[in-house]
Amino acid sequence: MNFMYAGYLLVALLGTLAFMRVFHISFSPREKRAVIFSLAATVIVFVSWDSWAVSRNHWWFGLENMLGIMLGNQPLEEIVFFAVIPFFGIVLWKISNKMHSLRVKIK
Amino acid sequence: MMEYTISTIIGFVIVLFLDRILLRTKIIGFSPRMVYTTVVFIVFQLFFDNYFTQQGLWSFNSAETLGVLVPFVPIENIFFGIEMLWFALILFSFFSRE
C-alpha cells in the first residue's frame with residue numbers, strides 16, 4: 001500500500017480549490033447540480049472506457065504506488081481521478097468565462 | 001492493432017456529436033474561452049501525465065498506439081485527456097443552462 005497516487009489527487013483537489021479562491025469562482029445552485037451530474041457521468045463513461053482499455057491491455061497500473069483498493073480492474077484512485085481532474089477543468093472553464101465577460105464589459 | 005488510437009478517434013467523434021447534435025451545447029471550437037481552458041488544461045496534463053508515467057503510476061502498451069510520444073506519453077493519451085475535459089464541460093454546460 002502506497003499513498004503516492006492518492007496524495008497527488010489530494011494535491012490536485014487542493015490546487016483546484018486554491019484556483020477557485022484566487023479567481024473568486026463560485027457556483028450557483030443550478031451549477032452545483034450541473035457539476036454533480038456532469039462529474040457523475042464523466043466517472044461512469046471514462047471508468048467504463050478505462051476498464052475496457054485495461055482489459056485490452058492498452059495500459060496498466062503500477063499498483064505498488066496505490067492504496068490497493070480495487071473495483072474490478074480499476075484502482076480506487078483512478079475512479080476518483082475521473083471526478084477530480086474534470087472538476088479542475090470545469091473550474092478552468094468558469095475562470096475563462098469570467099475573464100471573457102470581464103473583457104467584454106471593459107470594451 | 002492501434003486500438004487506443006482508434007478508440008480516441010471514436011471518442012473524439014462522440015464528443016463532437018454530443019456537443020453539436022445531441023445536446024446542442026456548441027461549446028467545442030476555437031472560441032477564446034474554450035482555447036484558454038483547453039490550452040491550460042493540456043499544459044497541466046503534459047506535466048503531470050509525464051511525471052506520473054515516469055514515476056510508474058501507469059504504463060502504456062506501445063503496440064496499441066501510433067508510437068508518437070510527447071515526450072514520454074503517447075499522443076493518444078493527450079487526446080484522451082482532452083476528450084475527458086470536453087465531455088465534462090459539455091455536460092456541465094448542458095445541465096447548467098437556463
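This is a dialogue on reading a predicted model with chains A and B.

Student: Where should I start with the record for chain A, and which residues does UniProt list for "domain: Lycopene cyclase"?

Tutor: Take the annotated range, then look at what the model builds there. The unreviewed UniProt entry lists residues 8-93 of chain A under that name. Over residues 8-93 the chain is 70% helix and 8% strand, and the end C-alpha atoms lie 22 Å apart.

Student: Where does UniProt place the feature "transmembrane region" in chain B?

Tutor: The entry, also unreviewed, places it at residues 6-23, 35-52 and 72-95 of chain B. Residues 35-52 of chain B are 100% helix and 0% strand, with 25 Å between the end C-alpha atoms. For residues 72-95 of chain B the figures are 88% helix and 0% strand, and the ends are 36 Å apart.

Student: How many residues of chain A are in contact with chain B?

Tutor: There are 32 residues of chain A in contact with 25 residues of chain B. On the chain A side, helix 1, helix 2 (29-55), strand 1 (59-61) and helix 3 (76-106) each supply at least two residues. Helix 2 of chain A gives the largest share, 13 residues. By class, this side of chain A has 18 nonpolar, ten polar and four charged residues.

Student: In what sense do strand 1 of chain A and strand 1 of chain B pair?

Tutor: They pair in the antiparallel sense over three bridges, the chain B strand being residues 58-60. One bridge can be followed by name: Phe61(A) has Trp58(B) as its partner.

Student: Now single residues. Is Ala18(A) buried or exposed?

Tutor: Count the C-beta atoms around the residue; 12 or fewer within 10 Å means exposed. Ala18(A), in helix 1 of chain A, counts as exposed because it has 10 C-beta neighbours inside 10 Å. Its C-alpha atom is 29 Å from that of Asp50(A), 32 residues apart along the chain.

Student: Why does Thr16(A) count as partly exposed?

Tutor: The class between the two limits runs from above 12 to below 20 neighbours. Thr16(A) has 19 other C-beta atoms within 10 Å, so this residue is partly exposed. Thr16(A) also lies in helix 1, residues 4-22 of chain A.

Student: Which residues is Thr16(A) in contact with, leaving aside its neighbours within four places in sequence?

Tutor: Those contacts are Phe87(A), Phe88(A) and Val91(A). For a distance along the same lines, take Ile90(A): 74 residues separate Thr16(A) and Ile90(A) along the chain, and their C-alpha atoms are 9.8 Å apart.

Definitions and conventions:
Residues are numbered from 1 along each chain as its sequence is written. Chains are lettered from A and ligands numbered from 1 in the order in which they are written. This is a predicted model: local features need pLDDT of at least 70, side-chain atom pairs count only at pLDDT 80 or more; totals for chains, interfaces and linings use all residues. Helices (H or I, at least four residues) and strands (E, at least two) are DSSP runs, numbered from the N terminus. Two residues are in contact if their C-beta atoms, placed from the backbone, lie within 7 Å. UniProt positions are given in the numbering used here, feature names are shortened, and annotations may be inferred rather than shown by experiment. Ala, Val, Leu, Ile, Met, Phe, Trp, Tyr, Cys and Pro count as nonpolar, Asp, Glu, Lys and Arg as charged, and the others, Gly among them, as polar. Two strands pair if DSSP finds at least two bridges between them.
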